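Trainee: I would like to learn how to read a structure one feature at a time. Please take me through this one.

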Amino acid sequence: MRTCTKIALGSTLTLAVVVTGVVIMNHRPDHPAIPATRFPAPVTKAYRAAMVTPSASPESQHTAVLNAYRAWKVAFIREGCGAGMRQVYSPDASYPYVAEGQGYGMVITVSMADLDPGAKGIFDGIVKFVLAHRSANDPDLTAAEQDDDCADQAGANSATDGDMDIAYGLLLADRAWGSSGKYDYRALAVRRIAAIKASEVNPSSKLMLLGDWSAAGNKELFGVSRTSDWMLEHFRAFEQATGDVGWGDIREAHLNAIAEVQAKYSQRTGLLPDFVTSEDGRTQPADGKVLESSRDGDYGYNACRTPWRIGFDAIVSGDPRSLAAARKMNAWFKDTAGGDPDNVGSGYSLAGGRFGSRSARAFWAPLAVAAMTDPGSQSWLDALWTKMASSSIEPDSYFGASVQLQAMLVASGHYVAASGALSDADRHH
């Protein structure tokens, strides 16, 4: 769920100090320092189908990830909506707390479980917050937006991307910590996965709906899907966790939609639009505004995540369709940017016309994941990694910071595939 309204940042942040290109954050008392000695052994084989990984040493990669994570925690993890609750704060969203952010927070913290002894406490605090804010339409989904007083807004409806990452984070937690503690992570995930399928999947096209509010009764938006919700590895994980082969059909529908859009509307670039419409078996870019702006049919602040989402499925599953889609986007971006991440814009038409002048991290950071699918992209990946590792977290940009950190987690081998496409034996800690 992407929105653009700015909200004033609170006064509880600490300052970042940049030392030799690496960001070190002054820790608040509720964010104890992570012991510097908790580096795992190098990850020798992170993803079976990754063609290239960053050339930086494992130790320097761990240091960069740790510093970005520390800064992210200080900037965006909050307490204050109830005893024992934690929330991801989103100063650049429509409301200070959004389901998208809670999903990001859960995936990030569980991915850092081997480096941060406090990760589980943060994760469980976010789970408590999520369970306290249920969708008014389906109580096994999450109300998408909360205000400064932690009250649900916009009718307490759900947002598909938030629900999907929350479910995925719960599956990762079951892998990391088991489900016999305070929360039965696996049971919570299975219930949410069933609710996502029942309330957030178009039964005709099998593409993801915008949320449980855009179901069959919403004639205008029932056929609209957001491409950043096309999380192929999530679909694999959901099928494995539930045994529901319907998730395989859903994955196939999204792979077909990606191929159709790239073949018909972005043959040169491979770019996907922020939103598509699907009708009578045809998927096409949105024509003008369907939800957010007149550029809903272009590559903007929603679709910028697709190189990461599709690329991640490609490197963990080796699916030739995911690989082809990610490589197409990667090849165009590498060429148009001349191998320099600073030349990546913040908005494009599907034909490749640039309309975003600034270089935003939510656009260039996800390209690192797509670059991992191409054996000829080592220098391009290294340039993207260097930029991520040397870029400080901006405390007024939760979205860009969270996207960049997750791209770093993938590139460094910390972002595990919940589907089991990556076996535990493949991670040499």
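**Salt bridges, a sheet, a helix and two contacts**

Mentor: Lys120 and Asp124 are joined by a salt bridge, with 3.0 Å between the closest N and O atoms. Keep in mind that this is a predicted model.

Trainee: What is the general idea behind such a pair?

Mentor: Side chains of opposite charge can pair when their charged atoms come close. In this case Lys120 and Asp124 are both in helix α3 (residues 119-132), four residues apart, which is about one turn of the helix.

Trainee: Are Lys120 and Asp124 buried or exposed?

Mentor: Lys120 has 29% relative accessibility, so it counts as partly exposed. Asp124 has 10% and therefore counts as buried, the cut-off being under 20%.

Trainee: How many salt bridges are there in the whole structure?

Mentor: A search finds 21. One of them is formed by the side chains of Lys334 and Asp374, at 3.3 Å from N to O. This pair links distant parts of the chain: Lys334 is in helix α9, while Asp374 is in the loop between α11 (367-371) and α12 (378-390), 40 residues apart. Lys334 counts as partly exposed because its relative accessibility is 24%. Asp374, with a relative accessible area of 18%, is buried.

Trainee: What does the salt bridge between Arg361 and Glu394 tie together?

Mentor: Arg361 is in helix α10 and Glu394 is in the loop between α12 and α13 (398-411), so the pair ties together parts that lie 33 residues apart in sequence. The closest N and O atoms of Arg361 and Glu394 are 3.3 Å apart. Arg361 counts as buried at 11% relative accessibility, and Glu394 as partly exposed at 33%. Salt bridges can also share partners: Arg236, Glu252, Asp313, Asp319 and Arg321 are joined in this way into one network.

Trainee: Let us turn to strands. How should I read a sheet?

Mentor: Strands of a sheet pair through backbone hydrogen bonds, either parallel or antiparallel. Here three strands form an open sheet, in the order β7-β8-β9, and the pairing is antiparallel. The edges are β7 (224-226) and β9 (282-285); each has a single partner strand, so one side of each is left without a neighbour in the sheet. From one strand to the next, the twist averages 30 degrees.

Trainee: How many bridges are there between β8 and β9?

Mentor: Strand β8 (residues 275-279) pairs with β9 over four bridges, in the antiparallel sense. For Ser278, the bridge partner in β9 is Thr283. The two strands β8 and β9 form a hairpin with two residues between them, and Asp280 in the turn has a positive phi of about 55 degrees.

Trainee: What should I check in a helix such as α8?

Mentor: Start with its span. Helix α8 (residues 306-317) has 12 residues and reaches 16 Å from its first C-alpha to its last, close to the 16 Å expected at 1.5 Å a residue. Then look at burial: 11 of the 12 residues of α8 are buried, so the helix is largely enclosed by the rest of the structure. Among the buried residues are Trp308, Arg309, Phe312 and Asp313. Just after α8, Gly318 has a positive phi of about 75 degrees.

Trainee: Where does Ser346 lie?

Mentor: Ser346 is in the loop between α9 (320-336) and α10 (361-364). With 9% relative accessibility, Ser346 counts as buried. A polar atom of the Ser346 side chain is 3.1 Å from the backbone oxygen of Arg358. Neighbours within four places in sequence left aside, the contacts of Ser346 are Tyr301, Gly356, Ser357, Arg358, Ala360 and Phe363.

Trainee: Which residues are in contact with Ala64, leaving aside its neighbours within four places in sequence?

Mentor: They are Trp385, Ala389 and Met408. Ala64 itself is in helix α1 (residues 58-76) and is buried, with a relative accessible area of 10%. Its C-alpha atom is separated by 7.9 Å from that of Ser390, although Ala64 and Ser390 are 326 residues apart along the chain.

Key
Residues are numbered from 1 along each chain as its sequence is written. This is a predicted model: local features need pLDDT of at least 70, side-chain atom pairs count only at pLDDT 80 or more; totals for chains, interfaces and linings use all residues. Side-chain values use heavy atoms; hydrogens and water are left out. Two strands pair if DSSP finds at least two bridges between them. Axes are lines fitted to C-alpha atoms, for helices over the stretch in contact, and angles run from 0 to 180 degrees between N-to-C directions. The expected span of a helix is 1.5 Å times one less than its number of residues. Buried means under 20% relative accessible area, exposed over 50%, partly exposed in between (1.4 Å probe, protein chains only). A polar contact is a pair of N or O atoms within 3.5 Å; within protein, one must be able to donate a hydrogen and the other to accept it, and residues adjacent in sequence count only if both atoms are side-chain atoms. Contact means heavy atoms within 4.5 Å. A salt bridge is a side-chain nitrogen of Lys or Arg within 4 Å of a carboxyl oxygen of Asp or Glu.
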